[in-house]
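Work through the three exercises below with the structure open. Each task is followed by a solution in steps.

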There are 2 protein chains.
Amino acid sequence: MPTQKDVAKLAGVSFMTVSRVINNNGYVSEETRKRVEDAIKQLGYSPSFAGKALNRGRTDTIGVMTPVRFGDGFGNVYLLGLIRGIELGCRKYKKDMLFSPFATDDPDFDYLRPYKQKKVDGLIYIGMQSMPEEVHREIQRYSIPCVVIGDRPDDHSISWVDTDNERAGYDSVKRLVSLGHERIGFVGLIPEMYNSNIQDRENGYKRAMRELLSMDDSEKWIMRSRFEEVSVYKAVRERFEMLDRPLTALFCATDRIALGALHAVKDIGLRVPEDVSIIGFDGLIKEFLFNPTIASNEQPLVEMGKRAAEIINRHIENPNFPRETCIFPVYPVDGDTVAPPPVSLN
Amino acid sequence: MPTQKDVAKLAGVSFMTVSRVINNNGYVSEETRKRVEDAIKQLGYSPSFAGKALNRGRTDTIGVMTPVRFGDGFGNVYLLGLIRGIELGCRKYKKDMLFSPFATDDPDFDYLRPYKQKKVDGLIYIGMQSMPEEVHREIQRYSIPCVVIGDRPDDHSISWVDTDNERAGYDSVKRLVSLGHERIGFVGLIPEMYNSNIQDRENGYKRAMRELLSMDDSEKWIMRSRFEEVSVYKAVRERFEMLDRPLTALFCATDRIALGALHAVKDIGLRVPEDVSIIGFDGLIKEFLFNPTIASNEQPLVEMGKRAAEIINRHIENPNFPRETCIFPVYPVDGDTVAPPPVSLN
DNA sequence: TTGAAAGCGCTAACAT
DNA sequence: ATGTTAGCGCTTTCAA
């Protein structure tokens, strides 16, 4: 690859003049500029990143940390929406995105390596699982520009972008209650798989059950499983078979869970939505023209990613920029799986 | 961030010794090494990427070019699988991945900027749409290490990894023919949306129709639409309403298309698979526990991505490494949407 | 076993 | 308007 010097030689000027032309600062005569530009084009020269980065201490690159495997099924539609948003932000600010292999299984794994190496100017962390305390401390110690998406670190040096999952949980139950439902269950995950988002949805469910239906023991209508539909299917089926009277509605922590629940309910011999209503979370199913379409909740993922990119850029430009926190709304999504409860026969 | 000099000062040695400890080359006494390592830990030092890159001309970063939007629906499950594989490869070789905003709409857009800037050591191009001729020439001119996934550039300086879509198309029709089908349609895309993969599937379909059923005018049973289900739905419905006798099977260019076709066929009043069989492509649907599950074809995406990463690494390590091309098999996936054709009544 | 010097490509500051 | 110098953090080469 040609360097500034090669261009300088070809154009018959010093490399400093080339630098001036590239960065468009300082005085360069029209004629010289033209000669330099021709030489640049002729050689196909692009300024070396390493040289510039070393000199300026800037890389124009944002690190994106995703503690989630790409390509592992459904959960990634969440990831994809966020990345799309981050990409839009990066385009606006002319930054690239750096993804580093993530290895939580390795005890020596260094979350912050890309920054410490000065390979990136800042980090966006997609918070599907929380960062270790120690990482927080390091971020503070080195004043690393950092934005977390989908979690809310207490840490005053870390900005975050999130949705109001608790409220969305509450509102989902409210939608069902306003149709006349009372026997409303929650399908969540086993504790090992929880993240703060899902926990908040469950909290919202519980609060709604307490405040709207005066139910303090809603825990008894909570089912827990793993992410996969098979696991959900089993959990829901078993619970329904244990109950003397079936639940009339299920609020599910994710759309994928809702899908498993839907099949379980149908296989038990109950109809959806006539006997059991179902509401999911993430508004992703609609992409797939399901039949029935599943009522759900939608997070503005692209907007969230974009905002995160904007915030990180502000932190990079001005190290004294104060922490920014931002809660996006969750929108209800209509679907075929919601109806009033069946008329009680007793 | 601390530098080598800071570490050297703290450990009471020259920075050269620090460099030796880090790279584990040259002689360093056990005692000195210990002191340096302690200093490194105490300061939380990581070697600066820019300095190293400038000096060695290596960035340990792979550029990934995706001329597809993240987060735009289904097609991205393809993208995700590949990226997952690339990530696995990168982990193995301790590389990071650089994603740059992709802007085909910008006439000045430089596909190769990340390489020209020496921000990456090589490029993996996900070939959902072909690279312009001019880009090929530049790759050749600068001997850029490059691997294309999902397309087969003639260019002898570009390695590629692909699946045999033509054959998979042929085999899909063969599966249907062996069940007794003859009236088999193909649901593809309008020409503007074609890429070589989809084109190959169509070619396989046509060849099978010719060779297995002696049909030279299979074009008349080809439907074309956009990617979205609504568009597919309309195209299929219209075609069926025009035919005097319905087709008994549809081979669809993607699973998403298959989904749209499924709904169209059902809404016409035909049963799947009793009246119409459907085969899709990509084996992605199974993730979602559809009912019915859709018969399909599966590409080993993760393997492909991984292989691409391996090849690019070989090119980087040895600039004289010859072009490598690699065709992965496509596996048939069973599903509920395939059965023998209805018994003819005439 | 350790250190000193040179240079990778670039830009900021200072000449001319 | 253009050129020279120094230095960003690192490694390679040569010296001690």
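**Exercise 1. Helix 2 and helix 3 of chain B**

Task: In this predicted model, determine at what angle the axes of helix 2 and helix 3 of chain B cross, and which residues make the contact.

Solution.
- Step 1. Locate the two helices: helix 2 of chain B covers residues 15-23 and helix 3 of chain B covers residues 30-43.
- Step 2. Their axes come within 10 Å and cross at roughly 85°.
- Step 3. Angles of 65 to 115 degrees count as roughly perpendicular, so helix 2 of chain B is roughly perpendicular to helix 3 of chain B.
- Step 4. Helix 2 of chain B contributes Thr17(B), Val18(B), Arg20(B), Val21(B) and Ile22(B) to the contact. From helix 3 of chain B come Thr32(B), Arg33(B), Val36(B), Glu37(B) and Ile40(B).
- Step 5. Sorted by class, the residues of this contact are five nonpolar, two polar and three charged.

**Exercise 2. The sheet of chain B**

Task: Give the strand order of the four-stranded open sheet in chain B, and state which helices pack on it.

Solution.
- Step 1. The order is 7-6-8-9, with parallel pairing.
- Step 2. Strand 7 (222-225) and strand 9 (277-279) of chain B are the edge strands, each pairing on one side only.
- Step 3. From one strand to the next, the twist averages 20°.
- Step 4. Strand 8 (residues 249-252) of chain B is joined to strand 9 of chain B by three bridges. In strand 9 of chain B, Ile278(B) is the bridge partner of Leu250(B).
- Step 5. Helix 8 (residues 165-178) of chain B packs on the sheet and touches strand 6 (184-189), strand 8 and strand 9 of chain B. The direction of helix 8 makes about 160° with that of strand 9 of chain B.
- Step 6. Helix 9 (residues 196-213) of chain B also packs on the sheet, touching strand 6, strand 7 and strand 8 of chain B. The direction of helix 9 makes about 165° with that of strand 6 of chain B.

**Exercise 3. The surface near DNA strand D**

Task: Identify the residues that come nearest to DNA strand D, and describe polar contacts to the strand.

Solution.
- Step 1. Of the 25 residues around DNA strand D, the nearest are Arg20(A), Thr32(A), Asn55(A), Gln4(B) and Tyr45(B).
- Step 2. Of the atoms of DNA strand D within 4 Å of the protein, 55% belong to sugar and phosphate.
- Step 3. Phosphate oxygens of DNA strand D lie 2.9 Å from a polar backbone atom of Ser14(A) and 2.5 Å from a polar side-chain atom of Tyr45(B).
- Step 4. A polar backbone atom of Gly51(B) is 3.0 Å from a base nitrogen of DNA strand D.
- Step 5. By class, the residues of this surface are 11 nonpolar, 12 polar and two charged.

Methods:
Residues are numbered from 1 along each chain as its sequence is written. Chains are lettered from A and ligands numbered from 1 in the order in which they are written. This is a predicted model: local features need pLDDT of at least 70, side-chain atom pairs count only at pLDDT 80 or more; totals for chains, interfaces and linings use all residues. Side-chain values use heavy atoms; hydrogens and water are left out. Axes are lines fitted to C-alpha atoms, for helices over the stretch in contact, and angles run from 0 to 180 degrees between N-to-C directions. Angles under 35 degrees count as roughly parallel, over 145 as roughly antiparallel, 65 to 115 as roughly perpendicular and the rest as oblique. Contact means heavy atoms within 4.5 Å. Ala, Val, Leu, Ile, Met, Phe, Trp, Tyr, Cys and Pro count as nonpolar, Asp, Glu, Lys and Arg as charged, and the others, Gly among them, as polar. Two strands pair if DSSP finds at least two bridges between them. A residue is near a molecule or strand if one of its heavy atoms lies within 4 Å of it. A polar contact is a pair of N or O atoms within 3.5 Å; within protein, one must be able to donate a hydrogen and the other to accept it, and residues adjacent in sequence count only if both atoms are side-chain atoms.
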